[in-house]
Amino acid sequence: MSEKPAVAGGRPQRATMLPYGRQAIDDEDVRAVSEALRGEFLTTGPTVERFEQAFARAVGAKHAVAASNGTVALHLMARALGLGKGDRVVTTPMTFVATSNAALFCDATPDFADVDEETGLLAPSTARSRIGSKTKALFTVDYTGQPVDYAGFRDLADDKGIAFASDAAHALGAEYKGRRVGAQADVTMFSLHPVKHITTGEGGMVTTDREDLAERLRLLRNHGMDREVGRRLGRAYYYEIVELGYNYRLTDIQAALGLSQLKKLDGFVARRERIAQTYTQAFRDLPGVTPPVVRPGVRHAWHLYMLRLNLDELDAKRDEVFAALRAENIGVHVHYVPVHLHPLYRERLGTRPGQFPAVERFYERLLTLPLFPTMTDRDVQDVIEAVEKVVSWFAAKRTKGAVRPKATARSRPRTSSSRRGS
Ligand SMILES: *Cc1c(COP(=O)(O)O)cnc(C)c1O
């Protein structure tokens with residue numbers, strides 16, 4: 001018999017809130033940053049270059065260009081691809097808004113395509129139908145850390161003669177057909193925000209095999225400033241501004257943290273993978289929920305563990321399950337409110353509810369569970385026990401509600417509030 005959840009007066013699973021994600025910083029990271037602070041460069045110096053080289057090696061790309069955060073990395077990527085007014089970009093509504101905002105930053109227009117309802121990923125076949133004569137690029141997203149069908153999108157982009165850009169903010173360490181994500185698209189972006197796989201506080205990276213794109217990314221990151229001409233003329237002070245660029249630089253302090261974090265990437269991904277496996281094992285046979293679906297041929301990087309609720313088996317909507325788990329001090333989350341539903345998009349692009357039915361059905365069921373490498377086994381068990389407790393309770397309410405009035409279903413005898421397994 002399952003015990004009473006905290007929302008119904010039971011004892012919360014935990015005394016303190018377990019967040020859905022957080023950074024893993026150790027003494028080695030702290031030492032690396034202290035050393036950088038005593039060094040000659042604080043802003044972009046040799047450590048940024050070393051970090052870029054190590055990052056490029058880690059993902060198997062020829063070039064990596066660091067930026068101040070993932071959002072501006074996306075902006076650089078869009079600018080490097082030459083996006084401008086009148087251009088259109090086919091992308092997914094199931095992402096963080098920064099993905100499609102990158103098109104808006106350049107006065108280009110995002111066109112959303114509906115997602116696969118099992119994985120939340122964009123599929124080449126659906127994206128194809130949204131490509132028109134103005135489409136200049138595809139922006140895919142490795143949502144939750146699962147790589148998209150890169151071969152399919154490569155073929156689609158080549159077939160249509162458009163650029164292929166990947167938002168892999170969730171997918172550092174993920175693999176597609178045995179190769180790390182990072183060089184399959186024309187350009188690939190990563191975020192180094194504290195909830196992501198490795199962090200520099202704020203930070204982003206763009207990787208590419210294309211020399212021309214890497215050069216443009218570097219130019220745009222630093223004001224569109226060409227210093228080569230000054231060197232040629234032997235005038236140290238002289239430079240020329242050849243494009244409208246930005247200051248989107250990463251600092252050496254951050255790069256020192258990034259280099260130190262990068263050494264631990266494999267361990268972080270492996271720990272995330274183990275936690276995800278433990279969750280899936282526990283939830284596979286739990287009525288009321290569906291664990292994430294992983295397609296063959298990929299290694300999922302598990303930025304997010306996304307549970308889908310089977311709402312027809314529960315006497316609750318997602319938001320009630322969400323509130324019940326928060327009451328247990330399990331920091332569940334929802335990733336994401338579909339981008340086309342935000343007021344900015346509805347006003348600017350005329351998008352509306354009901355336009356992309358699969359993503360909206362997907363969104364209604366979504367629940368992100370806590371997942372980060374420094375979670376203890378006890379934390380993982382807390383999440384599992386709280387989900388089992390809350391979901392079973394809403395499932396039982398539904399079953400009882402079907403045969404008896406709700407008031408009777410609520411007045412079940414109270415069970416012990418002691419935590420199982422403690
Ligand atoms: C985190 C994230 C970004 C933005 O990265 P920041 O470093 O926070 O600016 C972009 N796209 C997706 C899918 C993300 O998850």
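1. In this predicted model, a polar side-chain atom of Asp167 is placed 2.7 Å from a nitrogen atom of the ligand. Ser191 likewise brings a polar side-chain atom to 2.7 Å, in this case from an oxygen atom of the ligand, while Gly70 contributes through its backbone, one polar atom of which is 2.8 Å from a ligand oxygen. The protein buries 92% of the 380 Å² that the ligand exposes when taken alone.

2. Asp167, Ser191 and Gly70 also appear, together with Thr71 and Lys196, as the closest of the 17 residues that surround the ligand. As for where the ligand is found, the site it occupies is the largest pocket. Sorted by class, the shell around the ligand comprises 9 polar, 6 nonpolar and 2 charged residues.

3. On the secondary-structure side, at least two shell residues come from each of helix H3 (70-80), helix H4 (98-105) and strand S8 (187-191). Of the contributors, H3 gives the most, supplying 3 residues to the shell around the ligand. A reader inspecting the site may wish to follow Gly70, whose backbone makes the 2.8 Å approach to a ligand oxygen, alongside the span of H3, which runs over 70-80.

4. A separate topic is the sheet in which three strands are arranged as S7-S6-S13; this sheet is open, has 3 strands and shows antiparallel pairing. Because strand S7 (179-180) and strand S13 (298-299) stand at the edges and have a single partner strand each, one side of each is left without a neighbour in the sheet. The pairing of strand S6 (residues 175-176) with S13 is antiparallel and extends over 2 bridges, and within this part of the model Tyr176 is found opposite Val298 of S13.

5. Two points of backbone geometry deserve a look when the model is examined. The peptide bond joining His335 and Tyr336 is cis, with omega at about 10°, and Tyr336 belongs to the loop between helix H11 (318-327) and helix H12 (343-349).

6. The other point concerns Thr144, a residue other than glycine with a positive phi, its value being near 70°. Thr144 is likewise a loop residue, placed between strand S4 (135-141) and helix H6 (150-160).

Definitions and conventions: Residues numbered from 1 in each chain as written. Predicted model: local features only at pLDDT ≥ 70, side-chain atom pairs only at ≥ 80, totals over all residues. Heavy atoms only, no water. Near = heavy atom within 4 Å. Polar contact = N/O pair within 3.5 Å; in protein donor to acceptor, adjacent residues only side chain to side chain. Areas by Shrake-Rupley, 256 points an atom, 1.4 Å probe, with all protein chains shown as cover. 1 Å grid on protein atoms, 1.4 Å probe; cavity = no way out; pocket = protein on both sides within 12 Å on 5 of 7 lines; lining within 4 Å. Sits in = over half its atoms within 2 Å of the grid points. Helix = DSSP H or I, 4+ residues; strand = E, 2+ residues; numbered from the N terminus. Nonpolar A, V, L, I, M, F, W, Y, C, P; charged D, E, K, R; others polar. Pairing = 2+ DSSP bridges.
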